[in-house]
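The following exercises concern salt bridges and strand pairing in one structure. Please attempt each task before reading its solution.

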Amino acid sequence: QVQLEESGGGLVQAGGSLRLSCAASMRAFSMYPMAWFRQAPGKERELVATIDRSGGSTYYVDSVKGRFTISRDNAKNTVYLQMNSLKPEDTAVYYCAVRVNPSKYDYWGQGTQVTVSS
């Protein structure tokens, strides 16, 4: 049984910051890569950032490089997304996901809304 719960979304002005959290209820959290995705209205879901099991390796989509930071605390079964210098185009529902199946992200949270006003 895997459950993911995101929090930390909200409304922020352009240039502001938010920190998203994703709390995982699952066994062996530290064994699995995690990711953040987002989906804006009328657009396909987009991979934003990934982090490996230990937190030592990360990936970011070009549009957020230098502004977003993904991290994890394996002792707390939690993954974070620190978002700085937010832009209106960052507005989306943000989802965390875990890759238990080696070939895909197969468990997802319910999402948290991030709205950036200009």
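**Exercise 1.** Does R67 count as buried or exposed?

*Solution.* The model is predicted: local features need pLDDT of at least 70 and side-chain atom pairs pLDDT 80 or more, while totals for chains, interfaces and linings use all residues. Residues are numbered from 1 along each chain as its sequence is written, and side-chain values use heavy atoms, with hydrogens and water left out. The classes are buried (under 20% relative accessible area), exposed (over 50%) and partly exposed in between, with a 1.4 Å probe and protein chains only. R67 has 9% relative accessibility and therefore counts as buried.

**Exercise 2.** Identify the salt bridges of D90, and state which parts of the chain they tie together.

*Solution.* Step 1: the criterion is a side-chain nitrogen of Lys or Arg within 4 Å of a carboxyl oxygen of Asp or Glu. Side chains of opposite charge can pair when their charged atoms come close.

Step 2: D90 forms a salt bridge with R67, with the closest N and O atoms 2.7 Å apart. D90 lies in the loop between β8 and β9, and R67 in the loop between β6 (58-60) and β7 (68-73), so this pair ties together parts that are 23 residues apart in sequence. Strands here are DSSP runs (E, at least two residues), numbered from the N terminus.

Step 3: D90 also meets R38 in a salt bridge (3.0 Å, N to O). Because R38 belongs to strand β4 (residues 34-39) and D90 to the loop between β8 (78-83) and β9 (92-98), the parts tied together are 52 residues apart in sequence.

Step 4: D90 is buried, its relative accessible area being 1%.

**Exercise 3.** Which residues do salt bridges with shared partners join into one network?

*Solution.* Step 1: R38 has a salt bridge with E46 at 2.8 Å, N to O. R38 is buried at 7% relative accessibility, whereas E46, at 29%, is partly exposed.

Step 2: D90 forms a salt bridge with R67, and through shared partners R38, E46, R67 and D90 are joined into one network. The count of salt bridges comes to 4.

**Exercise 4.** What is the strand order of the open sheet of 4 strands?

*Solution.* Step 1: the order is β1-β3-β8-β7, with antiparallel pairing. Two strands pair if DSSP finds at least two bridges between them.

Step 2: β1 (3-7) and β7 are the edge strands, each pairing on one side only.

Step 3: β7 and β8 pair in the antiparallel sense over 6 bridges. R72 stands opposite V79 in β8.
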